[in-house]
Amino acid sequence: MKKLVAYITSAYPEKSFSIDLSLALGENGVDTLELGVPFSDPVADGPLIEKANHKALELGFKFKHLLEISEIVAPKVDTLWMGYFNSFYQQDMDKLLPLASKLGINGFIIPDLPHEEALPYSDLFKANSLSNISFVAPTDSDERIKEVVSDAQKFIYMVAYTGITGSGQAEDLQPFLSSIKKHSSTPVYVGFGVNAKTAKDKVEGADGVIVGSAFIDILLKETLSYSDKIKQCSELAQIIKNEIN
């Protein structure tokens, strides 16, 4: 069974909604939830996620909201924190990682923390039974891929093309996928530009998909009620899970 990872922007539009949505996604085919930490300059994210980040900050997002959402969601749905390094660094990594583990978080996805810069924290992640998800991109050399995935945990985040999330650019991912699989038996999940239309093609040869912008697109529709947003996101999760399996 291939896996579905869903990204949502924490506390957008509000904390209680994020909790309800997270639990609904977990009941409708989502295997792992990425709770995104709103950030003012999310450089690896496309326009939809950037917009949701800015709106969440305008609505008064505080880091404690992430903790409060996680406390309820993480015991019920496999949960990762996705955010930019500064958001976590400001919280003091020595204190934050034990707290994340205590809340039931299983790992972090930090797109602006390169492999080399993450190494000083690897013991801290391991001591707290947390994964720090490895990223590989099509521009990486075979040697680079080997180095990055050598100690990859949970899954490898395969960037479907070099750019920002949410783009529908198409390309043949098979040679890239083969080079990753050659060096690691850790599952490979495809992210960037995955939606209901592209999921079936993108997952070919991979072990799962990571979907963000397609869910955020629904959350940004101001004409929809909260319950309609949850319903549409749940339906989308079911569709994608069926498409990839």
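Select valine 5 first: in the neighbouring strand β9, isoleucine 210 stands opposite it. You are looking at a predicted model.

**The sheet, from the middle**

Now colour strand β1, residues 3–9. Six of its seven residues are buried, so β1 is largely enclosed by the rest of the structure. On one pairing, β1 and β9 run parallel over four bridges. Another pairing joins β1 to strand β2 (residues 32–36), again parallel, through five bridges. To see the register there, pick alanine 6 and find leucine 33 of β2 opposite.

Step outward to strand β3, residues 78–82. β2 and β3 pair in the parallel sense over five bridges. Glutamate 34 has leucine 80 of β3 as its bridge partner.

Go back to β9 and cross to β8. Strand β9 covers residues 208–211, and two bridges join it to β8 in parallel. Here valine 190 stands opposite valine 209. Continue to strand β7 (residues 156–159), which pairs with β8 in the parallel sense over four bridges. Select isoleucine 156 to find valine 188 of β8 across from it.

Zoom out. In what order do the nine strands of the sheet run? The order is β5-β4-β3-β2-β1-β9-β8-β7-β6, in an open sheet with parallel pairing. Its edge strands are β5 (131–132) and β6 (134–136), each pairing on one side only.

**Two faces of β8**

Show side chains on β8, residues 188–191. In a regular strand, side chains alternate between the two faces of the sheet. Val188 and Val190 point one way, Tyr189 and Gly191 the other. All four are buried.

**Helices over the sheet**

Add helix α1, residues 15–26. The helix lies across β1 and β2 and runs at about 170° to β1. Then add helix α8, residues 142–149. This one lies across β6 and β7, at about 165° to β6.

**The nonpolar core**

Switch to a side-chain view. The largest nonpolar core has 89 residues. Leu25, Trp81, Phe88, Phe108, Phe155 and Ile180 have the most contacts inside it. Which helix gives the most to this core? Helix α12 (residues 226–244) does, with six residues.

Centre on phenylalanine 155. Setting aside neighbours within four places in sequence, it contacts Val5, Leu80, Ile109, Ile133, Ser134, Thr186, Pro187, Tyr189 and Ile210. Two of these names, Val5 and Ile210, are the opposed pair from the start of the tour.

**A helix pair**

Hide the sheet and keep helices α3 (residues 63–73) and α5 (residues 93–103). Two packed helices are described by the angle and the distance between their axes. The axes of α3 and α5 come within 9 Å and cross at roughly 30°. Angles under 35 degrees count as roughly parallel, and α3 and α5 are therefore roughly parallel to each other. From α3, the contact uses Phe63, Leu67, Ser70 and Glu71; from α5, Leu96, Leu99 and Leu103. By class, that is five nonpolar, one polar and one charged residues.

**Two buried side chains to check**

Select histidine 115, in helix α6 (residues 115–118). Is histidine 115 buried or exposed? Its relative accessibility is 15%, so histidine 115 counts as buried. Beyond neighbours within four places in sequence, histidine 115 is in contact with Arg144, Glu147, Val148 and Asp151.

Next, lysine 202, in helix α10 (residues 199–202). Lysine 202 is buried, with a relative accessible area of 8%. Draw a distance from its C-alpha to that of alanine 100: 31 Å, for residues 102 apart along the chain.

**Backbone stops**

Most residues other than glycine have a negative phi, and most peptide bonds are trans. Three places depart from that.

- Tyrosine 12 to proline 13: the peptide bond is cis, with omega near -5°. Proline 13 sits in the loop between β1 and α1.
- Serine 129: phi is near 55°, a positive value in a residue other than glycine. Find it in the loop between α7 (122–127) and β5. At 62% relative accessibility, serine 129 counts as exposed.
- Lysine 154: phi is positive, about 70°, although the residue is not a glycine. Lysine 154 lies in the loop between α8 and β7. Lysine 154 is partly exposed, with a relative accessible area of 31%.

Terms used:
Residues numbered from 1 in each chain as written. Predicted model: local features only at pLDDT ≥ 70, side-chain atom pairs only at ≥ 80, totals over all residues. Heavy atoms only, no water. Axes fitted to C-alpha atoms, helices over the stretch in contact; angles between N-to-C directions. Parallel < 35°, antiparallel > 145°, perpendicular 65-115°, else oblique. Contact = heavy atoms within 4.5 Å. Nonpolar A, V, L, I, M, F, W, Y, C, P; charged D, E, K, R; others polar. Buried < 20%, exposed > 50% of the residue type's maximum accessible area, 1.4 Å probe, protein only. Core = buried A, V, L, I, M, F, W, Y, C linked by side-chain atoms within 4.5 Å. Pairing = 2+ DSSP bridges.
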